[in-house]
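I opened this entry to keep track of what I looked up, item by item. The topics are helix packing, enclosed and open spaces, and backbone geometry.

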Amino acid sequence: MNTPTEAPPDGRREGASIRLAGLAKSYGTVAALCGVDLEVGAGELVTIVGPSGSGKSTILRLIAGLERPDAGQVVVDGQDVVDVPPHRRSVAMVFQDYALYPHLTVRDNLRFGLRVRRVARAEADRRAEAAARRLDIAELLDRHPDEMSGGQRQRVALARALVRDPSVYLLDEPLASLDTQLRITTRSDLLAIHRQLGTTTLHVTHDQAEAMTMGDRVVIVEGGRVRQVGPPQEVYDAPADTFVARFLGSPAMNLTPGGGVLGHPEDSVAGVRPEDLTIDDDGPIEATVEAVEALGSEAVLLTRCGDGTALAVRTGPRPDVRPGDPIRLRASPDRIHRFDARTGLRR
Ligand code: ADP
Ligand code: MG
C-alpha cells in the first residue's frame with residue numbers, strides 16, 4: 001500500500017484493487033450489512049446505488065476504516081486492512097454533508113489533511129492550488145465555507161480528496177444536494193478527473209439515473225445485500241430480480257402477477273418496461289387510459305387493463321389519446337422479463 005506521505009507521481013496513476021468478502025455490520029439490532037461480497041479492479045469506477053438505509057454509506061465507512069466490520073474482510077491491493085487505522089489507508093472519502101472545517105479558509109481546508117500527514121508546506125500549497133484549479137474553485141481559496149454556495153462547498157470537499165492523492169476515492173452521494181444543472185456539470189467533471197487520474201473510485205448514489213450514466217459497473221444494494229453487479233445497460237436489460245427490475249428505470253418496469261395480461265405461467269411474475277409497450281390497434285392487450293403525463297420530449301400513459309393490472313406506456317410527445325380512451329397495446333415479445341413468483345429471481 002502506498003504511504004500517504006509519498007509525493008504524487010506526475011500523470012496517471014494506477015488505483016488500488018478492492019475486495020470485500022463476507023462483510024457484515026450491525027448497529028445494535030439493526031443489520032446494516034449482511035454479507036457483502038464485491039470485487040473492484042484497480043482503476044475502475046463503480047457506482048453503488050440503492051434506496052436510503054440500504055447500507056451504501058456503511059460499505060464506504062468500512063473501506064475507509066471509520067468503522068470495523070463484525071465479520072468479513074476488506075482487502076486493498078491484496079492486503080487485509082481491517083486492522084489498519086483510517087489515516088494509514090490510502091483512501092479519501094467525500095461526505096454528502098461536505099464535513100469542511102468552518103473556521104478554516106478553503107486553502108487551509110485543502111491543506112489540513114496533508115499537514116496531519118506531514119507533507120512539506122510548499123508541496124501542500126502546490127497540491128492545494130492544483131486541486132482547486134482542477135475543480136474550478138481557485139478564486140475561492142481565501143474564503144470560508146459559510147461564504148460559499150452548496151455547490152462550491154461540495155467542490156471544495158472533492159478538491160480536499162484530490163490533494164490527498166489516494167489510491168481509492170470513496171464518494172458518498174457527492175452530488176445529491178446540488179441542483180440539476182450543477183449536478184450534471186459536476187458529474188462530468190468527476191468523470192473527466194477519473195479518466196485523467198485513473199484512481200479506483202466507488203461512487204455512492206440513491207439516484208438510479210446517475211447510476212446508469214456513471215461508472216463502468218453498477219452495484220445495486222438493498223437491505224444490506226448486493227442484489228446485482230454489472231455494466232449499467234446489462235443490469236437494465238436483464239435485472240436479476242424484481243427489486244432491481246423496479247429500481248432501475250423511470251417509470252419503473254411494469255410487473256404483472258401470474259396468468260396476467262402478458263400471458264405467462266401462474267407461478268411467475270412477468271415484467272415489461274414502459275418503452276417496450278406500444279399502442280397498436282391489433283395489439284392483444286386491452287386497456288383504458290387513466291392519465292397522460294406529458295414530459296416534453298416524451299409522454300407516459302398510465303393505463304389499466306380489465307383485470308386491474310396497471311401498465312405505464314412510454315410514447316413520443318403529444319400522443320393522440322385522452323384519459324378514458326380505450327387503447328390496445330402490444331409488448332415486444334423479446335422484451336418480456338420473467339421472474340419466479342415466490343423468490344422474485346429472474347428465470
Ligand atoms: P445508506 O447510506 O444506504 O442510506 P447506511 O449505510 O447509512 O445506509 O445505513 C444502513 C442501515 O444502518 C440503516 O438502517 C441505518 O439506519 C443503520 N445505521 C447506520 N449507521 C448507524 C449508526 N451509527 N447507528 C445505528 N444505526 C445505523
Ligand atoms: Mg448514506
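**Helix packing**

I began with helix 2 and helix 4, whose crossing is right-handed. The model I am reading is a predicted one. For this pair I noted that the axes come within 9 Å and cross at roughly 35 degrees. I then listed who makes the contact: V106, N109, L110 and L114 stand on the side of helix 2, and V156, A159, R160 and V163 on the side of helix 4. Sorted by type, the residues of this contact of helix 2 with helix 4 are six nonpolar, one polar and one charged.

Next I turned to helix 2 (residues 106–116) and helix 3 (residues 121–134), the axes of which come within 9 Å and cross at roughly 130 degrees. Angles of 65 to 115 degrees count as roughly perpendicular and those over 145 as roughly antiparallel, and helix 2 and helix 3 are therefore oblique to each other. The crossing of helix 2 and helix 3 is right-handed. From helix 2 the contact takes R107, L110, R111 and L114, and from helix 3 it takes R121, A124, D125, R127, A128, E129 and A132. I counted types here as well: the contact of helix 2 with helix 3 has five nonpolar residues, no polar ones and six charged ones. I marked L110 and L114 of helix 2, since they are listed in the contact with helix 3 and also in the contact with helix 4.

**The largest pocket**

Which elements give two or more residues to the lining of the largest pocket? I first wrote down that about 480 Å³ of space lies in this pocket, and that 21 residues line it, with M93, F95, R117, R160 and R164 nearest its centre. The elements I was after are strand 6 (91–94), helix 2 and helix 4. Helix 2 gives the largest share of this lining, five residues. By type, the lining of the largest pocket divides into 15 nonpolar, three polar and three charged residues. I also noted that R160, one of the residues nearest the centre of the pocket, is named on the helix 4 side of the contact with helix 2.

**The cavity**

I then looked for enclosed space and found one cavity of 30 Å³ or more. The volume of the largest cavity is about 150 Å³. Its lining has 15 residues, and the closest to the centre are Y169, L171, L190, I193 and T201. At least two lining residues each come from helix 4 (150–163), strand 7 (168–172) and helix 5 (180–197), and helix 5 supplies the largest share, five residues. In the lining of this cavity I counted twelve nonpolar residues, three polar ones and no charged ones.

**Backbone geometry**

Last, I checked the backbone, bearing in mind that most residues other than glycine have a negative phi and that most peptide bonds are trans. R118 has a phi near 60 degrees, a positive value in a residue other than glycine, and R118 sits in the loop between helix 2 and helix 3. Where does the cis peptide bond lie? It joins S250 and P251, with omega at about -5 degrees, and P251 belongs to the loop between helix 8 (242–247) and strand 11 (254–256).

Technical notes. Residues are numbered from 1 along each chain as its sequence is written. Chains are lettered from A and ligands numbered from 1 in the order in which they are written. This is a predicted model: local features need pLDDT of at least 70, side-chain atom pairs count only at pLDDT 80 or more; totals for chains, interfaces and linings use all residues. Side-chain values use heavy atoms; hydrogens and water are left out. On a 1 Å grid over the protein atoms alone, a cavity is a set of points where a 1.4 Å probe fits but cannot get out, and a pocket is an open set with protein on both sides within 12 Å along at least five of seven lines; lining residues have an atom within 4 Å of a point. Grid points are joined across faces, edges and corners, and a volume is the space filled by probe spheres set on the points. Helices (H or I, at least four residues) and strands (E, at least two) are DSSP runs, numbered from the N terminus. Ala, Val, Leu, Ile, Met, Phe, Trp, Tyr, Cys and Pro count as nonpolar, Asp, Glu, Lys and Arg as charged, and the others, Gly among them, as polar. Axes are lines fitted to C-alpha atoms, for helices over the stretch in contact, and angles run from 0 to 180 degrees between N-to-C directions. Angles under 35 degrees count as roughly parallel, over 145 as roughly antiparallel, 65 to 115 as roughly perpendicular and the rest as oblique. A crossing is left-handed if the near helix is turned anticlockwise from the far one by less than a right angle, and right-handed if clockwise. Contact means heavy atoms within 4.5 Å.
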